[in-house]
Amino acid sequence: MDYISNPIYVLTILCLMVVLSVYAGKTKIGKQLGGAALLVILFTAVIANFKFIPSASNSIELYDIIFKYIAPISIFYLLLNVNITSIRNAGLPMVGLFVLGSIATTFGILVSWLLMSPENIIGDDGKIIAGMLTGTYTGGSVNFNAIAIEYGFQKKGFLYAGTIAVDNVVTAIWIMVTIAIPMILNKIWKSNEKLSHKVTQNIQHNNDEDEINSKSLAWLIFLGISCYLTSEIISENFIKIPSILILTTIGIILAQINFISKLKGSQTLGLYLVYLFLAVIGAYCEISAVSQLQEVGATLLLFTSLAVLIHGLLIIFIGGLIYRDWEMISIASQANIGGGASAIALAEAFNRKELILPAILVGSLGNALGTYLGFLVVYIL
């Protein structure tokens, strides 16, 4: 049918999938399946395979527009809450552990690469996946997508979705591990209680809801488009580095300006655009590619699990020698592997209220570091 290729029709369906995934992601089953981010991929993959919208083999220009413009701008919006000044107030122990965890993640990916040689199974996509995993296990999906977009990896339908699925499995397992770490290690090597209360508790935090208004929307749309254009001009004419890296840097710099940091709705707008981008990822998932992912999927799972295990051993050993606050170490590790949200959940589970805000702040630091470390790994490999 001709309307299946109509961009307005396709955009309508994509937006509907975002709506459904947001609601489904808040249910008990939805949370266990990875939340809205994974569900929007799954929902759109189903309708694409039933030919209700175009898939990878008959892609339309709308998909390319979302990949090229919408996805990078969504990352820019999500970076507008990175407050470098505030991160200093998280206290040296928490920031130090988080930076240690970021280095341990990078080291873990490189060592796992040497031990497993995943490129023998995955091919040239292996080093891109390694960079994406480094990014996401430093700062989260913002960095994961930034690297994927630069190399066009998001168009590799099931391989991309498979990498996300592996990421979710490993993250879920690591949440259970980090919950158990204090209970187990306190019996072997008791925490230093004096260090447990050195994190600053008097940090001001803006609890205002991220409710967008017309003034903020006008500024955000202008900033997103103009900064994207600026990054493209700089990349093409001045500094020959990926434009997404330039856009990331611009976003972090702008986030330090008081006026811009107070604009409401950047996270809401950014997250919605990310879901729209992920919906297109789902559309690229063709069922015929499933069989090709079986061996690749096992390789990805082993490679990722080994990398995260190395990260864990390093942050536990070195963190134990320096700080020996197992709950703080667990939260810092979870901020790396699972992101700020799961780190906050861990702080709540441990009843360490004083570490909730530092968890948020180092999560923002991860957003700032992840893309750079991810690209570094790709270039090294």
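Start by selecting Trp-219 and Phe-222: they sit three residues apart in helix H11 (residues 214-237), so about one helical turn separates them. Helices here are DSSP runs of H or I with at least four residues, strands are E runs of at least two, and both are numbered from the N terminus.

Before going on, a word on what you have loaded. This is a predicted model, in which local features need pLDDT of at least 70, side-chain atom pairs count only at pLDDT 80 or more, and totals for chains, interfaces and linings use all residues. Residues are numbered from 1 along each chain as its sequence is written, and side-chain values use heavy atoms, with hydrogens and water left out.

**Stop 1: aromatic pairs**

Searching the whole structure turns up eight aromatic pairs. In the Trp-219 and Phe-222 pair, the ring centres are 6.1 Å apart and the planes stand at 75 degrees, so this one is edge-to-face. The rule is that rings of Phe, Tyr and Trp (its six-membered ring) pair if their centres lie within 6.5 Å, with planes under 30 degrees apart called stacked, over 60 edge-to-face and the rest tilted.

Now switch on the surface. Trp-219 is partly exposed, at 36% relative accessible area, and Phe-222 is partly exposed too, at 48%. Buried means under 20% relative accessible area, exposed means over 50%, and partly exposed is in between (1.4 Å probe, protein chains only).

For another aromatic group, select Tyr-151, Phe-375 and Tyr-379, which form one cluster.

**Stop 2: further along H11**

Stay on helix H11 and pick Ser-231. With 1% relative accessibility, Ser-231 counts as buried. Leaving out residues up to four places away in sequence, Ser-231 touches Ser-243, Ile-246, Leu-247 and Ile-250; a contact is heavy atoms within 4.5 Å.

**Stop 3: H1 across H14**

Show helix H1 (residues 7-24) together with helix H14 (residues 266-283): their axes come within 9 Å and cross at roughly 115 degrees. Axes are lines fitted to C-alpha atoms, for helices over the stretch in contact, and angles run from 0 to 180 degrees between N-to-C directions. That crossing angle makes H1 roughly perpendicular to H14. For the labels, angles under 35 degrees are roughly parallel, over 145 roughly antiparallel, 65 to 115 roughly perpendicular and the rest oblique.

The crossing of H1 and H14 is right-handed: the near helix is turned clockwise from the far one by less than a right angle, whereas anticlockwise would be left-handed.

Which residues of H1 and H14 make the contact? On H1, select Leu-11, Leu-14, Cys-15, Val-18 and Val-22; on H14, take Tyr-272, Tyr-275, Leu-276, Ala-279 and Val-280. Colour them by type and you get ten nonpolar, no polar and no charged. In this scheme Ala, Val, Leu, Ile, Met, Phe, Trp, Tyr, Cys and Pro are nonpolar, Asp, Glu, Lys and Arg are charged, and the others, Gly among them, are polar.

**Stop 4: a serine on H1**

Still on H1, click Ser-21. Its relative accessible area is 0%, so Ser-21 is buried. Ser-21 is in contact with Ala-36, Leu-39, Val-40 and Phe-43, residues up to four places away in sequence aside. Draw a distance between the C-alpha atoms of Ser-21 and Val-40 and you should read 5.1 Å, although the two are 19 residues apart along the chain.

**Stop 5: H8 and H9**

Asp-125 lies in helix H8 (residues 125-136). Buried or exposed, at 15% relative accessibility? Asp-125 counts as buried. Outside its neighbours within four places in sequence, Asp-125 contacts Phe-153, Lys-156 and Leu-159.

Next, helix H9 (residues 141-150) is mostly covered, with eight of its ten residues buried. Among them are Asn-143, Phe-144 and Asn-145. Just past H9, Gly-152 has a positive phi of about 65 degrees.

**Stop 6: positive phi in two loops**

Most residues other than glycine have a negative phi. Lys-51 has a positive one, near 70 degrees, and lies in the loop between helix H3 (36-49) and helix H4 (61-78). Lys-51 is exposed at 53% relative accessible area.

Then go to Ser-117, with a positive phi near 45 degrees, in the loop between helix H6 (92-116) and helix H7 (119-122). Ser-117 is partly exposed at 22%.

**Last stop: zoom out**

The whole chain has 18 helices and zero strands. Of its 381 residues, 53% count as buried.
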